[in-house]
Amino acid sequence: MKAPEPATLTFLSGPRDGDSVPLAPGAAGAEAVIGRAAGCALVLADDPDVSRRHARLSWEDGAWLLEDLDSQNGTFVGEFADSRRIAAPFRLPPGALFRVGNTRLRLETGGAAAPEPRVKEAARPARR
């Protein structure tokens, strides 16, 4: 069995936009429950559309899997028009985007470099 690959969850929306949280693999594997409940590994108390125990990320068979835990509002993979609600554990590729409630997250693994941050260009002076 392949050891869990270190990963980081990066917030792409909400009050924590830009924050990153490491997923710490343990000796027996790795698992992180996402939800509003205080006992979750990743607590999203400020998102009213997140269930108490909304979704779970786990390391199984050499990949990170995302699973909806029968949440009220669902767990979605992808961005905007391309997003789809998952009904079964979903294998997340490095750099995958997903949403729980109104919170958008990206899974970054050791094998995938994080995309460069978006930088706004400074206003250029008008040409004469």
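## Exercises on two sheets, a core and salt bridges

Five strands make up an open sheet in the order β4-β3-β5-β6-β9, and the pairing within this sheet is mixed. The model is predicted, so local features need pLDDT of at least 70 and side-chain atom pairs count only at pLDDT 80 or more, while totals for chains, interfaces and linings use all residues. Residues are numbered from 1 along each chain as its sequence is written, and side-chain values use heavy atoms, with hydrogens and water left out.

**Exercise 1.** Find which strands stand at the edges of the sheet β4-β3-β5-β6-β9, and describe how β3 is joined to β5.

*Solution.* Begin with the terms: strands are DSSP runs (E, at least two residues) numbered from the N terminus, and two strands pair if DSSP finds at least two bridges between them. Next, look at the ends of the order, where β4 (42–43) and β9 each have a single partner strand, so one side of each is left without a neighbour in the sheet. Finally, turn to β3 and β5, which run antiparallel and are joined by four bridges; in this pairing Glu-31 stands opposite Ser-58 in β5.

**Exercise 2.** Follow β10 through the other sheet, and name its partner strands and the residues on its two faces.

*Solution.* First, write down the order of this open sheet of six strands, which is β2-β1-β11-β10-β7-β8 with antiparallel pairing, and note that β2 and β8 are its edge strands, each pairing on one side only. Second, take the two partners in turn: four bridges join β10 to β11, with Val-100 opposite Thr-103 and Phe-98 paired with Leu-105 in β11, whereas three bridges join β7 to β10, where Thr-75 has Val-100 as its bridge partner. Third, examine the connection between β10 and β11, a hairpin with two residues between the strands, in whose turn Gly-101 has a positive phi of about 60°. Fourth, recall that in a regular strand the side chains alternate between the two faces of the sheet. In β10, Phe-98 and Val-100 form the covered face, while Leu-97 and Arg-99 form the uncovered one.

**Exercise 3.** Identify the residues of the largest nonpolar core that touch the most other members, and list what Leu-23 contacts.

*Solution.* A nonpolar core is a set of buried Ala, Val, Leu, Ile, Met, Phe, Trp, Tyr and Cys residues joined through side-chain atoms within 4.5 Å, where buried means under 20% relative accessible area, exposed over 50%, and partly exposed in between (1.4 Å probe, protein chains only). The largest core has 25 residues, and those touching the most other members are Leu-23, Leu-57, Trp-64, Leu-66, Leu-92, Phe-98 and Val-100. Leaving out residues up to four places away in sequence, the contacts of Leu-23 include Pro-6, Leu-57, Trp-64 and Leu-107, a contact being heavy atoms within 4.5 Å.

**Exercise 4.** Describe the salt bridges of Glu-67 and of Arg-106, and classify the residues by accessibility.

*Solution.* A salt bridge is a side-chain nitrogen of Lys or Arg within 4 Å of a carboxyl oxygen of Asp or Glu, and the structure holds four of them. In one, Glu-67 meets Arg-56, the closest N and O atoms being 3.3 Å apart, and this pair links β6 (residues 63–68) with β5 (residues 55–60), 11 residues apart. Glu-67 is partly exposed at 25% relative accessible area, whereas Arg-56 is buried at 18%. In another, Arg-106 and Glu-108 meet at 2.7 Å, N to O; Arg-106 is buried at 15%, and Glu-108 is buried at 12%.
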